[in-house]
Amino acid sequence: MNEKMIVEENVPCELRDGTILRSDIYRPNEGGYYPVLMLRLPYDKKTKRYYDEYVEVPRMVAAGYIVILQDVRGRFASDGEFYPFIHERNDGYDAVEWAAKLPYANGKVGLFGMSYHGYTQLAAAVEKPPSLKAIAPVMTMADPWQDLLSGYEAASSSANLQTWTLGSIIFDQLKRRNDPRAAKAPEYINKLTEWLYEKPAKDWTPMKDLDPDSFYFDVINEKLASDHIAKMQVKEKLADIEIPALFMGGWFDSLLGSTLEAYQIYHGPRMLWIGPWTHEQMTGQAGDKYFANAKTNIGVDKLEDPTEIHINWFDKWLKDKPLSMEKPVHLYLMQQKRWEAYVEWSPVSRKKELYLASNGNAQTRNGDGKLLDTPEASETKCQLCLDPGKPVPTRGGGVLIAGHNSGMFQIGDIQDREDVLVYNYPFQEKDIHILGTVKASIWVSAFSPLLDLAVRLSDVEPTGDVYNIIDTFYRQKVTELDMPFCVELVIGHTAYTIKKGHQLRLDITASNAPLYDVNLNNGQTTRTASSGNPQFQQVYQGGNLPSKITLPLSTNVGV
């Protein structure tokens, strides 16, 4: 351990209801009083990842901070009962004020952390503890009910909930209860990827066997108490916060949309960084692609790494030092191998609409699907098959499910499937710089009570290799069968250049499994049922039903 750092383990923090949380405290081995930086997490504060991977605790201490890693209520060394998200507002307030009053603290507190512990910052901030001077939420959410647990109306991802509950939560819960079923948990965890394919999710064997009273079943079976949902939702309250916030996201993070939404609502002083990062790592490695200048020498200001960004941010708000980063928005431009700084998100100068076209045979990448600059005069339609027994597989993008990595991967074989509609834009004679939020308006009809659309943009290289860029999944109840209607959706957010000699491609499917529960074509999904029959949806092009995508293009470049 660093000789210049004092470490105190499992220091008690008493909450207003008498519950004791425990923290490891790292502080300078010198006299004086220091501001506090605290991370509140449910994943064990002893884990190396939270000590010196995404940010480095020793460097924060060397920069003149007390750093506190705290197990949240009901997790690892802390007392109480854990129930996701619902305690973090009051507990966060109490923890901040406790930290501010430590004998070596100067009364100023900052919060940092990613994912769940990004949420714990927002939850504490909406309660406005007097000592909280700045936060740094990374790859996170402000409405976990929708952003992680998917609610009940949207396209749900039981696999997300299953991966998180079994992979990250259940073992400690069983162990702290001295439950003998804890001995069985590793066997399920080791085969978690295989278990994601069991259906229905409401009868999931691992959780029924290990913990039949788990919050997992409250969520899956639509029994989550309304007051629990209200306690975990903080999104709308962000507009009333003055505490400075540093938001960081990844182009291949599953929570990028949630991070951007929170950033845009947030009222206090704010900064945004988005790199070619995944939820797992901030190195520049994103699946099969590596992006230079994303791990070190970050941004136009060439900051050393995310730790230096954090220190620079907190120095401004907790130590009154100048902020070296002048502009508030910092984006990595993929395929350009560089960063750019902007005054706002998103820095769009113009939009480009591309219209879907086909003679009715857009199935597979060898079909007749095209993207055109203007819509065709005549209307056509393509059949899109959804076979619940053979769903289109999940690959790449921003995923947080077991056995599936985030980032860019080759997807040409998926585009060879007959249940995939593919639309090609011509190979380019100059670069197309896409920067911002890509949207789509897709005209569809369905013969079953639910309509599902998975929409993805990809980059076709001169070799013919195809790599995913952004994607989305959308579900809607169908009120009139076999009647066309328009679906408005966001495909994703990106800063990606389609290079000269490359081709932009759009594909549309009706499934993405196991990431999303599969539509069984009978009004149910694999969240609540097991079987269904193949059915067709229709995608329309041209005429009075002009399906299209809208690309945001950066200044003075592109088509």
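**Getting to know a predicted fold**

Biologist: Welcome! What share of the contacts with a separation of 6 or more comes from residues 24 or more positions apart?

Modeller: Contact here means heavy atoms within 4.5 Å. Counting the contacts in the protein with a separation of 6 or more, the share from residues 24 or more positions apart is 75%.

Biologist: Good start. What should I know about the model and its numbering?

Modeller: This is a predicted model, where local features need pLDDT of at least 70, side-chain atom pairs count only at pLDDT 80 or more, and totals for chains, interfaces and linings use all residues. Side-chain values use heavy atoms, leaving out hydrogens and water, and residues are numbered from 1 along each chain as its sequence is written.

Biologist: What radius of gyration does the protein have, and why does it agree with a compact globule?

Modeller: The radius is taken over C-alpha atoms, and the globule rule is 2.2 Å times the number of residues to the power 0.38. With 559 residues, that rule expects a value near 24 Å, so the protein agrees, having 24 Å.

Biologist: Is Cys-13 buried or exposed?

Modeller: Buried means under 20% relative accessible area, exposed over 50%, and partly exposed in between, using a 1.4 Å probe and protein chains only. Cys-13 has 0% relative accessibility, so Cys-13 counts as buried.

Biologist: Which cysteine has the closest sulfur to that of Cys-486, and why is there no bond?

Modeller: A disulfide is a pair of cysteine sulfur atoms within 2.5 Å. The sulfur of Cys-486 is 16 Å from the closest one, which is too far for a bond, and that closest sulfur is in Cys-382.

Biologist: How many disulfides are there by this rule?

Modeller: A disulfide is a covalent bond between the sulfur atoms of two cysteines. By the distance rule, the count of disulfides comes to zero.
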